[in-house]
Amino acid sequence: MTAPVAPEADWEKAPGLLDGAKELTLGPEECDLAYWFTSVAQGTLRDRGATGHHADALTPDFLKNPGPLREALVLEFGFRALAEELATRLLGHYVSRAPGIPEMEFYATQLIDEARHARVFRQHLVDLGVPQKTLLAEIDAMARDYRARVLDPVVDFTLDIVRDQGDFAGGVAVFAIIIEGVLAPAAELSERKWTPLSPATGEISRGTAIDEIRHLTVASTILRDHVRAHPEYEPRLLEILRSGVRLWDEIPDREFVIHREELFQQGMHAHADLIGDYEVWPGVKLLDTTAEQRYDMAEQWTDEMAEVRMAYMGLPLGVLSSEGGA
Ligand code: FE
Ligand code: FE
């Protein structure tokens, strides 16, 4: 008999990323190493361990030929592969700083999750025709500017808190609220827009989204419990969040996202037959959207998710607005 898989990690039953992150309340005690082996490695990843997608979920040939759609996907997955690699390296500090066994086990699993995400995003580029031999060099070259202007400042900010100041809870807040709080809605958008075009791409995104529900909800529980046990920590936590929001405001991520959304825009009309009436969100057909609208919707999802998660943690939402109010 196989061990039961938790519904939120079950490929068929798991909710979407935004719904899951808003509605579920998971903590480090339940999402321990045993949970990960049973529900993730043998659950979510059953038949999808090697590539992040089922062998039957194919990459269409048109994505292997030059064109704006292929370029959009190569850029998106190349950048995300690098971001996930840097996330993995950062999480090593969380494992070593974790105050107790539940937190240590949970961050050990998140470290493996992010290393896996980096791998499946990267290897998908090989499905698109990037030679395995030059894969790393190509990602390096295409993401050099993105790394220097977007990723490195975020990494330095996080290292200062978790490694140099040894503030584990502050590090958890930066990772889950500042970094993943913004990236998760972008990931949700990615899953929704690639699903009608490429089954393999859609499945890779779906698998990472299932993991992300766990990352967001468990971190929120760690923070909620930490602030409950140490109310005197809250002002410092809010100050960290304010500086994180200021940092994010200064970082030019928008130009990178809009560039690839515009490439997607050109490409999706060339394959309108595949997309048809597919709705990217309720009531709105993907084919009727613009690059700007999709970007704005991801921002709106970020705000909606933050509202629910901040309330769950008992923290004031205003601290996340650009004005930095309380
Ligand atoms: Fe990830
Ligand atoms: Fe994550």
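**Arg 48 and its loop**

I started with Arg 48, which sits in the loop between α2 and α3. The model is predicted, and I kept that in mind throughout. Is Arg 48 buried or exposed? Its relative accessible area is 11%, so I logged Arg 48 as buried; the limit for that class is under 20%. I then took a distance across the sequence. Arg 48 and Gly 207 are 159 residues apart along the chain. Their C-alpha atoms are 8.6 Å apart in space.

Next I looked at Asp 47. I placed Asp 47 in the loop between α2 (33-44) and α3 (68-97). Which sign does phi take here? Phi of Asp 47 is positive, about 70°, and the residue is not a glycine. I noted the background rule beside it: most residues other than glycine have a negative phi. Asp 47 has 57% relative accessibility, so I entered it as exposed. Exposed starts over 50%. My entry for this loop therefore holds an exposed Asp 47 and a buried Arg 48.

I stepped back to Thr 44, which belongs to helix α2. Its relative accessible area is 0%, so Thr 44 is buried. I also took the C-alpha separation of Thr 44 and Gly 20. It is 15 Å, with their positions 24 residues apart along the chain.

**Whole chain**

I turned to the overall fold. I counted 12 helices and two strands in the protein chain. Along the sequence the order is α-α-α-α-α-α-α-α-α-α-α-β-β-α. How does the radius of gyration compare with the globule rule? I got 19 Å for the chain, close to the 20 Å that the rule gives for 326 residues, so the chain is as compact as a globular protein of that length. Along the principal axes, the C-alpha atoms fill a box of roughly 55 × 55 × 40 Å. I also checked burial. Of the 326 residues, 55% are buried.

**Salt bridges**

I searched the whole structure for salt bridges and found 24. The general point is simple: side chains of opposite charge can pair when their charged atoms come close. I wrote up several cases.

Arg 149 pairs with Asp 145, with the closest N and O atoms 3.3 Å apart. How far apart are the two in helix α6? They are four residues apart in α6 (residues 144-164), so about one helical turn separates them. Arg 149 has a relative accessible area of 32%, which makes it partly exposed. Asp 145 is partly exposed too, at 40% relative accessibility.

Arg 163 and Asp 164 also meet through their side chains in a salt bridge, 2.7 Å from N to O. I put Arg 163 down as partly exposed, at 37% relative accessibility.

Asp 277 and Lys 285 form another salt bridge, at 3.7 Å from N to O. The cut-off is within 4 Å, so this pair counts. Asp 277 is exposed, with a relative accessible area of 59%. Lys 285 is partly exposed at 34%.

Which residues join in a network of salt bridges? I listed Glu 76, Arg 80, Lys 193, Glu 261 and Arg 294.

**A charged patch on the surface**

I then checked the surface for charge. Asp 296, Glu 299, Asp 303 and Glu 307 form a negative surface patch. I followed up one of its members, Asp 303. Where is Asp 303? It lies in helix α12, which spans residues 291-313. Its relative accessibility is 51%, so Asp 303 is exposed; the limit for exposed is over 50%.

**Near the start of the chain**

My last stop was Lys 13. I found Lys 13 in the segment before α1 (17-23). Its relative accessibility is 58%, and that puts Lys 13 among the exposed residues. I took one more C-alpha distance. Lys 13 and Gly 92 are 31 Å apart in space and 79 residues apart in sequence.

Terms used
Residues numbered from 1 in each chain as written. Chains lettered and ligands numbered in written order. Predicted model: local features only at pLDDT ≥ 70, side-chain atom pairs only at ≥ 80, totals over all residues. Heavy atoms only, no water. Patch = residues over 30% accessible without salt bridge, like charges linked within 9 Å, V, L, I, M, F, W, Y side chains within 5 Å. Areas by Shrake-Rupley, 256 points an atom, 1.4 Å probe, with all protein chains shown as cover. Lys, Arg positive; Asp, Glu negative; His and termini not counted. Charge placed at Lys NZ, Arg CZ, Asp CG, Glu CD. Buried < 20%, exposed > 50% of the residue type's maximum accessible area, 1.4 Å probe, protein only. Rg over C-alpha atoms; globule rule 2.2 N^0.38 Å.
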